[in-house]
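Trainee: I would like to learn how to read a few features of a model. Please take them one at a time.

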Amino acid sequence: MREILIFAGTTEGRKLSEVLCDSGIHHRICVATEYGEILLKHHPCRKIHRGRMEPEEMRDFIVKGSFAAVVDGTHPYAEIVTKNIQAAVEGTGIPYMRLLRQNDTEGEDINRKYFESASLCAKALEQVEGNILLTTGTKDLEKFCSSDGVKKRLYVRILPGAESLSLCTSQGIEGKQIIAMQGPFSEEMNLALIRQFQIGCLVTKESGNAGGYREKLEAAKKAGIEVFVIKRKEEEGYSFAQICDQLEQICHTKICRKGPMDIVLAGIGMGNARNMTLEVYEAIKGADILLGAERMIAPYSPHIEKRPYYLAKQIIPYLKEIQEKNVFFEERKVVILFSGDSGFYSGCKDVFQALEKEIRMKNIQGSVRILPGISSVACLASRIGESYEDAGVFSIHGKDVYNLAEKIRCREKTFLLMSGVKDVHKLGTLLLESGLSRCEVSVGYQLSYEEEKIIRLTPEECPELDGEGLYTCFIKNPEVSPKRFTHGKADDDFIRGKVPMTKEEVRDVSICKLGLYKGAVVYDIGSGTGSIAMEIAGLSDNIFVYAIERKPEAISLIKSNKEKFHLQNIQIVEAEAPEKMDELLPATHAFIGGSGGHLKEILSELYNINPNMRIVINAISLETIAEIKNCLENFKIREEEMIQMQVSRSKKAGGYHLMRAENPVWICSFRFFEE
């Protein structure tokens with residue numbers, strides 16, 4: 001099998017080798033130095049040749065190697081090497097391809113001068129004051145050291161290899177003048193070096209994307225220093241994508257074209273750009289591709305393009321598409337913007353998890369990370385002088401929050417993210433209806449914008465607030481009612497009427513036998529007054545209860561009790577079980593307080609809904625107990641437990657307390673056995 005030969009002295013050459021490795025194409029890659037070899041990891045499709053070759057050696061190497069094609073990926077300024085490769089290939093019949101480096105789009109507001117050669121640039125440096133950062137490598141170092149006046153002001157950035165260090169030493173460059181580092185270098189790193197060494201002029205080659213040219217220019221612009229640019233000669237050749245197209249034809253193999261991406265999910269804060277973190281600002285500034293809601297991306301101009309995408313179902317197909325269509329010379333920076341703080345009631349979480357999955361499955365090549373922003377809650381807390389580490393923080397921005405009144409009732413401090421002024425109106429009404437009229441409401445309007453206001457309101461004043469916009473609220477409750485950590489409402493707490501109700505102690509034991517957990521969905525079948533449903537729903541907002549009842553009078557009582565206890569995680573279902581149960585969310589647990597003679601049918605439907613369901617049944621009469629026993633014989637069950645409990649309550653008679661017995665109750669608990 002004939003191999004591809006790559007002469008690599010650049011990032012592009014190494015990247016081409018990586019692409020061929022990913023595509024299973026065998027090749028040899030020639031590097032001049034030991035350091036160049038270190039940058040290449042071992043791969044079964046790649047052989048490495050290290051060391052410089054004279055023209056005759058190069059031709060002999062090519063002819064004896066019997067290569068299918070030769071790709072010249074050497075540095076744009078290594079003109080002699082390119083000429084030697086061309087001469088070595090000439091007459092062999094082997095295709096020769098010059099891999100060109102992509103240029104950046106350059107800004108017009110950077111103070112720079114162009115020079116046709118390193119010699120002319122070095123001569124011009126004699127007229128420049130201050131220290132000089134030389135980022136052109138060691139190839140032309142001798143030219144810049146010909147003047148002592150220039151040499152003593154040089155700070156030379158080179159690769160950390162023995163050969164490069166030796167060349168510096170031979171030219172009389174002292175150790176303190178040598179910056180031996182491997183790139184790529186960010187704008188921040190370039191700026192740090194400029195400031196550290198008090199640089200007055202930066203010297204660079206017109207090295208394009210992979211050479212970090214843009215990052216050097218931007219750093220120099222920010223530092224307010226001059227840039228001397230050694231121009232690159234125009235040459236003929238092919239882009240990275242064109243080289244891949246030709247190699248596909250030569251090797252009869254599809255080349256992997258997934259370019260790596262550095263994906264950043266960034267919280268931009270409250271809206272005004274001046275409140276954005278510097279880290280997020282720099283990420284946006286360096287973005288090749290910018291995604292997010294249209295209003296968020298509108299002020300910015302990424303290097304390639306921007307799209308109004310902020311949902312995973314929009315973002316992932318788009319990234320796959322551009323990855324398949326383009327081969328990148330370096331990591332493309334993709335920045336996705338989210339309002340507020342990325343970790344605080346943000347869509348960022350879902351997008352991050354979806355991207356992580358795609359990267360893990362290698363559908364997208366690259367990495368993903370998150371940058372936080374400043375939330376409006378943090379801003380409002382600072383404006384009103386309150387802390388929020390001991391506060392409840394919730395969002396009603398486009399979503400329902402279960403049992404919000406109870407959340408506020410049991411806390412001294414609560415922060416709320418709102419959708420608009422209507423939510424402030426609803427908040428005031430809720431506080432008044434829930435007996436929380438003494439609460440103090442601080443409203444943050446258009447936080448971070450010029451029209452920002454902090455408004456102090458009573459619950460009565462909230463419904464009168466005008467002005468649409470962005471709102472965040474803080475509620476201070478001077479009469480905190482500590483949340484009870486157990487169920488156990490007294491019987492008299494419920495609105496009862498004449499409908500039978502499961503008594504307090506029986507409720508306690510029955511609910512304990514259910515073994516509830518976070519995320520449980522419970523059917524309260526034969527709900528009666530809804531006492532079981534209310535107790536369960538009050539345990540946690542993360543439990544949802546269906547109160548299933550057929551009697552109109554009982555339905556009315558359940559509604560009244562739901563309103564009394566301000567519980568939104570209960571849905572009332574008017575039906576005779578098992579009717580309508582197949583239309584509900586599948587239950588994890590069921591309590592049967594009354595079956596209306598349909599116990600067998602109810603159990604069969606529960607088994608069909610979830611054959612791993614936990615069930616508790618209450619019975620008073622012997623006939624019901626017998627029915628339970630007969631029905632359970634039709635099912636395989638586990639964790640079966642049957643208890644009988646009787647409660648006696650004291651009643652005062654004159655100077656005595658006499659015990660009056662309640663009816664004994666059987667409590668049967670079990671789990672279906674899933675076959």
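Mentor: We will go through a sheet, its helices, some backbone angles and a cavity. This is a predicted model, in which local features need pLDDT of at least 70 and side-chain atom pairs count only at pLDDT 80 or more, while totals for chains, interfaces and linings use all residues. Residues are numbered from 1 along each chain as its sequence is written, and side-chain values use heavy atoms, with hydrogens and water left out.

Trainee: How do I read a sheet, and what is the strand order in the open sheet of five strands?

Mentor: Strands of a sheet pair through backbone hydrogen bonds, either parallel or antiparallel. Here the order is E17-E18-E21-E19-E20, with mixed pairing. Strands (E, at least two residues) and helices (H or I, at least four) are DSSP runs numbered from the N terminus, and two strands pair if DSSP finds at least two bridges between them. Strand E17 (392-395) and strand E20 (453-457) each have a single partner strand, so one side of each lacks a neighbour in the sheet.

Trainee: In which sense do E19 and E21 pair?

Mentor: Strand E19 (residues 440-445) and strand E21 (residues 471-476) are antiparallel, over six bridges. Val-441 has Ile-475 in E21 as its bridge partner.

Trainee: Which strands does helix H18 touch?

Mentor: Helix H18 (residues 421-433) packs on the sheet and touches E18, E19 and E21; contact means heavy atoms within 4.5 Å. The direction of H18 makes about 20 degrees with that of E21. Axes are lines fitted to C-alpha atoms, for helices over the stretch in contact, and angles run from 0 to 180 degrees between N-to-C directions. Helix H16 (residues 376-384) lies across E17, E18, E19, E20 and E21, at about 55 degrees to E21.

Trainee: What should I look for in backbone angles?

Mentor: Most residues other than glycine have a negative phi, and most peptide bonds are trans. In this model, phi of Tyr-345 is near 45 degrees, and phi of Lys-362 is near 65 degrees. A cis peptide bond joins Ala-577 and Pro-578, with omega about 10 degrees.

Trainee: Where is Pro-578?

Mentor: Pro-578 is in the loop between strand E24 (570-574) and strand E25 (589-592).

Trainee: How is empty space found, and how many cavities of 30 Å³ or more are there?

Mentor: Rolling a probe the size of a water molecule over the atoms shows where empty space is left. The structure holds one such cavity. On a 1 Å grid over the protein atoms alone, a cavity is a set of points where a 1.4 Å probe fits but cannot get out, and lining residues have an atom within 4 Å of a point. Points are joined across faces, edges and corners, and a volume is the space filled by probe spheres set on them. The lining includes Thr-10, Glu-12 and Arg-98.

Note on methods
On a 1 Å grid over the protein atoms alone, a cavity is a set of points where a 1.4 Å probe fits but cannot get out, and a pocket is an open set with protein on both sides within 12 Å along at least five of seven lines; lining residues have an atom within 4 Å of a point.
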